[in-house]
Every structure is written in C-alpha cells, then in structure tokens.
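This note is meant for a colleague opening the structure for the first time. Please keep the sequence and the 3D view side by side while reading the points below.

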Amino acid sequence: MIFHNNTITCFVTEDKITPEAEPFVYYNSSKHLKFKFANDWRGYRTIASFFVKEKEYAMLIQNGRCQIPKEALESGYFRLSIIGLYRDGTRKETKKILVIKEG
C-alpha cells in the first residue's frame with residue numbers, strides 16, 4: 001500500500017473501489033482515505049461507509065478525502081463501500097471491499 005501523510009489512495013469507478021496498491025491493508029498510522037473518482041461519479045455527493053462487524057460508520061467525503069473512523073482502525077478488518085447521491089435523487093453505490101489491518 002502506498003502512504004502519503006497517513007493516507008491510503010483508492011480509485012472509484014462504476015461500482016468498484018480499487019486501492020492504489022494491492023493488497024488493501026491499513027496500519028496503525030493510517031488516518032485518511034483519498035479517493036480518485038472516475039467521470040461517472042462527477043457531480044455526486046459522496047459518503048464512505050465503513051462496516052465494522054455489524055455496525056456501519058458513515059464519513060462524508062470532502063475534496064476527495066475522508067477520515068477513517070477510530071472504530072474501523074481499532075478493528076482487525078473492515079469493509080468499505082462508497083455511496084453517491086446526485087441532485088436529482090439518483091443514487092449509486094460500490095460493492096463492499098474487505099480492508100485488512102497489517103502489523
């Protein structure tokens with residue numbers, strides 16, 4: 001995984017999230033996610049949903065970034081999905097991906 005200032009970068013296109021480097025892992029020093037959205041997400045307000053066990057934690061994505069909630073960082077793993085809402089009410093969502101803690 002490539003880190004810059006405790007940030008993990010991901011690409012979002014159609015219904016997929018792809019980390020900048022495989023596998024998708026995080027460390028104790030990870031604090032933020034940075035997203036690079038494909039054109040099909042242009043104009044959508046976006047939220048990152050972190051699923052830790054049976055709970056969901058939603059974080060607003062602003063300027064392509066969001067904080068990773070402490071509940072997710074304290075876990076050994078979490079699932080991640082991006083939800084987008086357009087002005088006309090159109091909604092899109094990525095498939096959930098598994099993110100594993102390493103170290």
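1. A starting place is Tyr-44, which sits in the loop between strand S5 (32–37) and strand S6 (45–52). The model is a predicted one, and what follows should be read with that in mind.

2. The surroundings of Tyr-44 deserve a look, since, leaving aside residues up to four places away in sequence, Tyr-44 touches Gly-84, Leu-85, Tyr-86, Thr-90 and Lys-92. Val-12 can serve as a further reference point for Tyr-44: the two are 32 residues apart in sequence, and their C-alpha atoms are 12 Å apart in space.

3. Lys-92, one of the residues that Tyr-44 touches, also takes part in a salt bridge with Asp-40, in which the closest N and O atoms are 3.5 Å apart. Asp-40 lies in the loop between S5 and S6 while Lys-92 lies in strand S10, so this pair ties together parts that are 52 residues apart in sequence. Lys-92 has a relative accessible area of 18% and is therefore buried, because buried means under 20%. Asp-40, by contrast, counts as partly exposed at 30% relative accessibility.

4. How many salt bridges does a search of the whole structure find? The search finds 3, and another of them joins Lys-95 to Asp-15, with the closest N and O atoms 3.6 Å apart. Because Lys-95 lies in the loop between strand S10 (91–93) and S11, and Asp-15 in the loop between strand S2 (7–13) and strand S3 (16–19), the pair ties together parts that are 80 residues apart in sequence. Lys-95 counts as exposed at 53% relative accessibility, whereas Asp-15, at 26%, counts as partly exposed.

5. A salt bridge is also formed between Arg-91 and Glu-93, whose closest N and O atoms are 2.8 Å apart. Arg-91 is exposed, with a relative accessible area of 52%, and Glu-93 counts as partly exposed at 35% relative accessibility.

6. On the surface, the reader should also find a nonpolar patch formed by Tyr-77, Leu-98 and Ile-100, which together have about 260 Å² of accessible area. Ile-100 belongs to strand S11, which covers residues 97–101, and with a relative accessible area of 41% Ile-100 is partly exposed.

7. Turning to the chain as a whole, there are 1 helix and 11 strands, and along the sequence they follow the pattern β-β-β-β-β-β-β-β-α-β-β-β. Among contacts between residues at least 6 apart in sequence, 57% join residues at least 24 apart.

8. As for overall dimensions, the C-alpha atoms fill a box of roughly 45 × 30 × 20 Å along the principal axes. The radius of gyration of the chain is 13 Å, which agrees with the value near 13 Å that a compact globule of 103 residues would have.

9. Finally, on burial and surface, 39% of the 103 residues of the chain count as buried. The chain exposes about 6200 Å², and carbon and sulfur atoms supply 48% of that area.

How values were computed: Residues are numbered from 1 along each chain as its sequence is written. This is a predicted model: local features need pLDDT of at least 70, side-chain atom pairs count only at pLDDT 80 or more; totals for chains, interfaces and linings use all residues. Side-chain values use heavy atoms; hydrogens and water are left out. Patches are made of residues with over 30% relative accessible area and no salt bridge: like charges are joined within 9 Å, nonpolar side chains (Val, Leu, Ile, Met, Phe, Trp, Tyr) within 5 Å. Accessible areas come from the Shrake-Rupley method with a 1.4 Å probe; for residues, only the protein chains shown count as cover. A salt bridge is a side-chain nitrogen of Lys or Arg within 4 Å of a carboxyl oxygen of Asp or Glu. Helices (H or I, at least four residues) and strands (E, at least two) are DSSP runs, numbered from the N terminus. Buried means under 20% relative accessible area, exposed over 50%, partly exposed in between (1.4 Å probe, protein chains only). The radius of gyration is taken over C-alpha atoms; the globule rule is 2.2 Å times the number of residues to the power 0.38. Contact means heavy atoms within 4.5 Å.
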